[in-house]
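Welcome! Below are a few short exercises, each with a worked solution. Have a look at the model first, then try each task before reading on.

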Amino acid sequence: PEGTTKADRTLMQFRTGAFASGEAVQPICLRYPHHAVDLSWLGGLGAQFFRILTQWRNQVEIIILPVYRPSSAEKEDQRLYAANVQAAMAGALALPPERVSTTVNNSRLRRWLQA
């Protein structure tokens, strides 16, 4: 439901479409450890390529969480289901609460989309 690296070490609120079926999901987190250049998508394509290509080494950590099976309450409320999966993934990434967005269209994201 997220599928991007757009938010500078912030887990954006998930859209709910992937949770509408009420089926189990397989959460997978990607982390890009870095010393100098954060590979989060913040800016235009040219700037992103420059940042990737000027870093000597790029690596990715893949964190595969257990399959998340929704409760009956989550099956009835896709927003609750999405929020709980987001919380599980934030926990796996050790993100503090201020790095977990509760809105899809926050001001930083709007600025990014307009760039």
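**Exercise 1: The salt bridge**

At 30% relative accessibility, Arg31 counts as partly exposed, because the partly exposed class runs between under 20% for buried and over 50% for exposed. Keep in mind that this model is predicted.

Task: find which side chain meets Arg31 in a salt bridge, and where the two residues sit.

Solution:
- Start with a general idea: side chains of opposite charge can pair when their charged atoms come close.
- Next, look at the pair itself: the side chains of Arg31 and Glu61 form a salt bridge, at 3.4 Å from N to O.
- Then place the partners: Arg31 lies in strand 1 and Glu61 in strand 2, 30 residues apart, so the pair links distant parts of the chain.
- Now check the cover on Glu61: its relative accessible area is 34%, which makes Glu61 partly exposed.
- Finally, search the whole structure: the count is 1 salt bridge.

**Exercise 2: A patch on the surface**

Task: work out which residues form the nonpolar patch on the surface, and which strands supply at least two residues each.

Solution:
- Begin with the members: Ile28, Leu30, Val60, Ile62 and Ile64 make up the patch.
- Together they have about 480 Å² of accessible area.
- Strand 1 (28–31) and strand 2 (61–64) each give at least two residues to the patch.
- Take Ile28 as an example: this residue is found in strand 1, and its relative accessibility of 43% makes Ile28 partly exposed.

**Exercise 3: The core**

Task: identify the residues that touch the most other members of the largest nonpolar core.

Solution:
- The core has 13 residues, and those touching the most other members are Phe14, Phe19, Cys29, Val85 and Met89.
- Helix 3 (residues 78–92) provides the largest share of this core, with 5 residues.
- For the wider picture, buried residues account for 30% of the 115 residues in the chain.

**Exercise 4: Following Thr16**

Task: locate Thr16 and list what it touches beyond residues up to four places away in sequence.

Solution:
- Thr16 sits in the segment before strand 1.
- Leaving out those sequence neighbours, Thr16 touches Gln78, Arg79 and Ala82.
- With Gln78 there is also a polar contact between side chains, at 3.1 Å.

**Exercise 5: The whole chain**

Task: describe the order of helices and strands.

Solution:
- Count first: the chain has 4 helices and 2 strands.
- Then read along the sequence: the pattern is β-α-β-α-α-α.

Definitions and conventions
Residues are numbered from 1 along each chain as its sequence is written. This is a predicted model: local features need pLDDT of at least 70, side-chain atom pairs count only at pLDDT 80 or more; totals for chains, interfaces and linings use all residues. Side-chain values use heavy atoms; hydrogens and water are left out. Patches are made of residues with over 30% relative accessible area and no salt bridge: like charges are joined within 9 Å, nonpolar side chains (Val, Leu, Ile, Met, Phe, Trp, Tyr) within 5 Å. Accessible areas come from the Shrake-Rupley method with a 1.4 Å probe; for residues, only the protein chains shown count as cover. A salt bridge is a side-chain nitrogen of Lys or Arg within 4 Å of a carboxyl oxygen of Asp or Glu. Buried means under 20% relative accessible area, exposed over 50%, partly exposed in between (1.4 Å probe, protein chains only). A nonpolar core is a set of buried Ala, Val, Leu, Ile, Met, Phe, Trp, Tyr and Cys residues joined through side-chain atoms within 4.5 Å. A polar contact is a pair of N or O atoms within 3.5 Å; within protein, one must be able to donate a hydrogen and the other to accept it, and residues adjacent in sequence count only if both atoms are side-chain atoms. Contact means heavy atoms within 4.5 Å.
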